[in-house]
Amino acid sequence: MPVLNAKPRFIGQNSQGDASEIGPKEAASCLNINLDKGNIKKRSGYTEKLDLTNNIEGIFNWQRDPATSTPDIEHLIKSAAKLYRITYNASTGALNSASELGSDALTAGALASFAATRNRVYMTDGTVFKVTDGTNVYNAPIAPPASAPVVAVTGTTGNLDGVYDYKISHYASAWGQESPASSVTDQADSGIQEGMSVTVSGLTAYSSTDARVDKKRIYRRKVSAQENLWYFHSEIDDSVTTFV
């Protein structure tokens, strides 16, 4: 169908009052058409792209940053406990892909709300809070270590002098996101004198199960100096088992 230009500029349908009262910029009915910047275009209709067993409980039009992502047209669809992603070519409108994302479950029977930032979409359905990067679905917060690691005074290769304790957090460097800190370690106070060091051990047991996490962050407080805050000390790979 050729594009029709409505002149004077078409402003849409007016279904109020008698048809004789319709103005020159209005129409009494507009069936199967879209209005695109004053042009009347035939609506293309809908085609099934996903065979969903359950009801649709949320649709989000994902506008990605074209400077960092392929300029596709993307939709996220929540259906029951699953999240799906559909992408179309921005130039031709052709379907690129339609697939289920990740495995972290949403809540079946609950409508979802969406918000996009930094090329990621956060969503909540009133029970869970999730985030997707377009490939996987994660819990939006990163969980802290389950408990505090073990510390011990270990030698004369350091420069400590006093009583110290520590906290550990999980960090996802690609996301710029950090978990809350662990509970505090026991105080390393077994006769620390100048020149001694402390070993924080058993760190493997405190590695994160979150696939985003690649680092641990270590915070230290000098109890003997009556410090009330833990200060950032070091960042180590999540695979490191012992830190001196």
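Here are a few questions and answers about strands and one residue in this predicted model.

User: Which strands stand at the edges of the sheet ordered E16-E15-E18-E19?
Analyst: Happy to walk through it! Four strands form this open sheet, and their pairing is antiparallel. An edge strand has a single partner strand, so one side of it is left without a neighbour in the sheet. The strands that fit are E16 (177-178) and E19 (231-237).

User: Which residue in E16 stands opposite Ala 172?
Analyst: Start with the strands: E15, residues 164-172, runs antiparallel to E16, and two bridges join them. Opposite Ala 172, in E16, stands Gln 177.

User: What is the bridge partner of Met 123 in E12?
Analyst: Let's look at another open sheet, which has four strands in the order E10-E11-E12-E13 with antiparallel pairing. Its edge strands, E10 (113-117) and E13 (137-139), each pair on one side only. Strand E11 (residues 120-124) pairs with strand E12 (residues 129-132) over four bridges. In E12, the partner of Met 123 is Lys 130.

User: Is Ser 182 buried or exposed?
Analyst: Good one! Ser 182 sits in the loop between E16 and strand E17 (196-201). Leaving out residues up to four places away in sequence, Ser 182 touches Pro 145, Ser 147, Ala 148, Pro 149, Lys 167 and Ile 168. A residue counts as buried under 20% relative accessible area. Ser 182 has a value of 4%, so Ser 182 is buried.

Terms used:
Residues numbered from 1 in each chain as written. Predicted model: local features only at pLDDT ≥ 70, side-chain atom pairs only at ≥ 80, totals over all residues. Heavy atoms only, no water. Pairing = 2+ DSSP bridges. Buried < 20%, exposed > 50% of the residue type's maximum accessible area, 1.4 Å probe, protein only. Contact = heavy atoms within 4.5 Å.
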